[in-house]
Amino acid sequence: MKKGILLIISGFAGSGKGTIVKGLLSNYDNYTVSISATTRAPRPGEEDGRDYFFVSREKFEEMIANDEFLEYAQYVDNYYGTPRKYVNSMLDEGRDVILEIEQQGALQVKAERPEAVLMFVMPPSVQEIYNRLKKRGTESEEIIMKRMRQGAREAGVIEKYDYLIINDDRYECIRNVHNTVCCAKYASKRNKALIDRVKSEFNDFLNM
Ligand code: 5GP
């Protein structure tokens, strides 16, 4: 069976990447999302095992020591990491696995798995990022400003991503992300078995 695509979605806080991931999961049946572990406290409405595995700093560090993470990073004072086992087994089953992770982690995955597809979701403007964070109403002004400064740093690394997708109209953005994943499946580097088969068929044909 052909392995699934490892799809990394990053974006500034407030870019709406969470909504894009939900949209991919509900509109198409080829995706599975990886649930990360984090040391950050749950926000109102978040559930352990659904949104994140909420763990203590000690537990997270134990998981690092046991090499349980495909990648992990510290982001705005907390650890976030992708458990390796689940991702690998889903990819082997041919599922396209979404990691909604920040840049340091995304680049770690890219270094280890160059076949991963990296997408960066951008809101239409920086003002819009601030407006969306404010409207979400779950963080203090101080944390929002921390996330804005983090965004400014992240802007310097966007070129390392394979694709940039603007999230102005959410439905269009979801379609664009999905179409890009579909295109990635046709990349020649992902179709080595097909290339080998054609070569071998030519061989057989010409030697008949
Ligand atoms: P939030 O606290 O808003 O849920 O997430 C903060 C940032 O951490 C977001 O950019 C999110 O994509 C990222 N993030 C979530 N899970 C992971 C993970 O497993 N690894 C990494 N590197 N970043 C993550």
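# Salt bridges, helix packing and burial in a predicted model

Reader: What makes the contact between the side chains of Asp51 and Arg50 a salt bridge?

Author: The side chains of Asp51 and Arg50 meet at 3.0 Å, N to O. A salt bridge is a side-chain nitrogen of Lys or Arg within 4 Å of a carboxyl oxygen of Asp or Glu, so the pair qualifies. The model is predicted: local features need pLDDT of at least 70 and side-chain atom pairs pLDDT 80 or more, while totals for chains, interfaces and linings use all residues. Residues are numbered from 1 along each chain as its sequence is written, and side-chain values use heavy atoms, with hydrogens and water left out.

Reader: Why is Asp51 described as buried, partly exposed or exposed?

Author: Asp51 has 28% relative accessibility. Buried means under 20% relative accessible area, exposed over 50%, and partly exposed in between (1.4 Å probe, protein chains only), so Asp51 counts as partly exposed. Its partner Arg50, at 46% relative accessibility, counts as partly exposed.

Reader: What makes Arg197 and Glu201 a salt bridge, and where do they lie?

Author: Their side chains meet at 3.1 Å, N to O, which satisfies the salt-bridge limit. Both residues lie in helix α8 (residues 192-206), four residues apart, about one turn of the helix. Helices (H or I, at least four residues) and strands (E, at least two) are DSSP runs, numbered from the N terminus. Arg197 has a relative accessible area of 48% and is partly exposed; Glu201, at 42% relative accessibility, counts as partly exposed.

Reader: Which parts of the structure does the salt bridge of Glu139 and Arg43 tie together?

Author: The side chains of Glu139 and Arg43 meet at 2.9 Å, N to O, in a salt bridge. Glu139 lies in the loop between α5 (126-136) and α6 (141-154), and Arg43 in the loop between β3 (37-38) and β4 (53-54), so the pair ties together parts that are 96 residues apart in sequence. With a relative accessible area of 15%, Glu139 is buried. Arg40, Arg43, Glu46, Arg136 and Glu139 are linked in a network of salt bridges. The structure holds 16 salt bridges.

Reader: How do you know whether α5 is roughly parallel or antiparallel to α6?

Author: The two helices pack at an angle of about 150°, with their axes 10 Å apart. That makes α5 roughly antiparallel to α6, because angles under 35 degrees count as roughly parallel, over 145 as roughly antiparallel, 65 to 115 as roughly perpendicular and the rest as oblique. The axes are lines fitted to C-alpha atoms, for helices over the stretch in contact, and angles run from 0 to 180 degrees between N-to-C directions.

Reader: Which residues of α5 and α6 make the contact?

Author: Val126, Ile129, Tyr130, Leu133, Lys134 and Arg136 of α5 meet Glu141, Ile144, Met145, Arg147 and Met148 of α6, contact meaning heavy atoms within 4.5 Å. These residues divide into seven nonpolar, no polar and four charged. Here Ala, Val, Leu, Ile, Met, Phe, Trp, Tyr, Cys and Pro count as nonpolar, Asp, Glu, Lys and Arg as charged, and the others, Gly among them, as polar.

Reader: Why is Met148 called buried or exposed?

Author: Met148 has a relative accessible area of 18%, so it is buried. Met148 is found in helix α6. It touches Val126, Ile129, Tyr130 and Leu133, not counting residues up to four places away in sequence.

Reader: What is the packing angle of α1 and α7, and what does it make of the pair?

Author: Helix α1 (residues 17-27) and helix α7 (residues 170-184) pack at an angle of about 65°, with their axes 9 Å apart. That makes α1 roughly perpendicular to α7. The contact is made by Thr19, Ile20, Gly23, Leu24 and Asn27 of α1 and Arg170, Cys173, Ile174, Val177 and His178 of α7. Those residues divide into five nonpolar, four polar and one charged.

Reader: What is notable about the phi of Val76?

Author: Val76 has a positive phi of about 40° although it is not a glycine. Most residues other than glycine have a negative phi. Val76 is found in the loop between β5 and β6 (78-83), and at 17% relative accessibility it counts as buried. Asp67 also has a positive phi, of about 55°, and is not a glycine; its place is in the loop between α2 (57-65) and β5 (69-75).
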